[in-house]
Amino acid sequence: MSRRSSRGTSRRPQSRSVPATPAPHAPLSAESPCPCGLPAGYGECCGRFHSGAAAAPTAELLMRSRYSAFAARDAAYLLRSWHPDTRPQTLDFDPDTRWQGLEILATTDGSAFHTTGTVTFRAHYTHQGEPGELHEQSRFARHEGAWVYLDAVFTR
């Protein structure tokens with residue numbers, strides 16, 4: 001998912017759990033619960049970013065939309081929302097991984113008034129039926145006016 005930040009002073013602790021994603025790799029409809037855990041349906045939430053109808057206005061919403069893209073296996077969106085300096089050529093999804101929920105733990109900067117930001121999160125998953133979690137601090141930056149994922153530091 002993503003990596004770390006070295007700047008910023010405004011930290012917002014936010015421990016928000018997200019319910020389990022819809023059935024493994026079931027196509028998401030506009031009415032489906034959004035995998036990112038916010039209360040809006042997928043179409044009003046992350047789906048509008050995935051389709052290109054809107055751009056994520058904050059680093060946190062970009063993080064949430066990227067989590068949802070991992071859950072939906074939307075490689076095109078993930079690559080589009082990745083900074084060109086750190087973006088891989090392709091993405092491969094592990095067919096045995098199912099994303100189960102997202103907790104946003106803290107954010108630093110990342111609003112309309114910033115050019116960089118970080119989001120610290122915990123993403124829950126199962127791999128071959130065994131539970132696991134990814135704890136990471138992702139770093140985001142503005143590129144050509146839009147928020148993009150830059151890199152991440154894995155934390156414990």
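A disulfide here is a pair of cysteine sulfur atoms within 2.5 Å of each other. Keep that in mind for the cysteine stop below.

Before you click on anything, a word on what you have open: this is a predicted model, where local features need pLDDT of at least 70 and side-chain atom pairs count only at pLDDT 80 or more, while totals for chains, interfaces and linings use all residues. Residues are numbered from 1 along each chain as its sequence is written, and side-chain values use heavy atoms, with hydrogens and water left out.

**Stop 1: the cysteines**

Select Cys36 and Cys45. How far is the sulfur of Cys36 from the closest cysteine sulfur? It is 3.6 Å from the one in Cys45, which is too far for a bond. Cys36 is buried, at 0% relative accessibility (buried means under 20% relative accessible area, exposed over 50%, partly exposed in between, using a 1.4 Å probe and protein chains only).

Now add Cys46 and Cys34. Cys46 is in no disulfide either, and its nearest cysteine sulfur, in Cys34, is 3.5 Å away. Cys46 is buried too, with a relative accessible area of 1%. Searching the whole structure turns up 0 disulfides.

**Stop 2: helix α2**

Select residues 59-72 to light up α2. Helices (H or I, at least four residues) and strands (E, at least two) are DSSP runs, numbered from the N terminus. This helix has 14 residues and spans 20 Å from first C-alpha to last, close to the 20 Å expected at 1.5 Å a residue (the expected span is 1.5 Å times one less than the number of residues).

Show the surroundings as well: 12 of the 14 residues of α2 are buried, so the helix is largely enclosed by the rest of the structure. Among the buried ones are Leu62, Met63, Tyr67 and Phe70. Step past the end of α2 and you meet Arg73, which has a positive phi near 60°.

**Stop 3: the β2–β3 hairpin**

Select 97-109 for strand β2, where 11 of the 13 residues are buried. Add 116-127 for β3: the two strands pair in the antiparallel sense over 11 bridges (strands pair if DSSP finds at least two bridges between them). To see one of the bridges, pick Arg98 and its partner in β3, Thr126. The hairpin has 6 residues between the strands, and Gly110 takes a positive phi near 85°.

Next, click Phe121, which sits in β3. Is Phe121 buried or exposed? It is buried, with a relative accessible area of 0%. Phe121 and Glu103 are 18 residues apart in sequence, yet their C-alphas are 5.5 Å apart in space.

**Stop 4: the pockets**

A pocket is an open set of points on a 1 Å grid over the protein atoms alone, where a 1.4 Å probe fits, with protein on both sides within 12 Å along at least five of seven lines; lining residues have an atom within 4 Å of a point.

Select Arg80, Ser81, Ala146, Trp147 and Val148, which lie nearest the centre of the largest pocket, out of 17 lining residues. Its volume is about 300 Å³ (the space filled by probe spheres set on the points, with points joined across faces, edges and corners). Strand β5 gives the most to this lining, with 3 residues.

For the second largest pocket, of about 180 Å³, select Phe70, Asp92, Phe93, Asp94 and Trp99, the closest to its centre among 10 lining residues. You met Phe70 earlier as one of the buried residues of α2.
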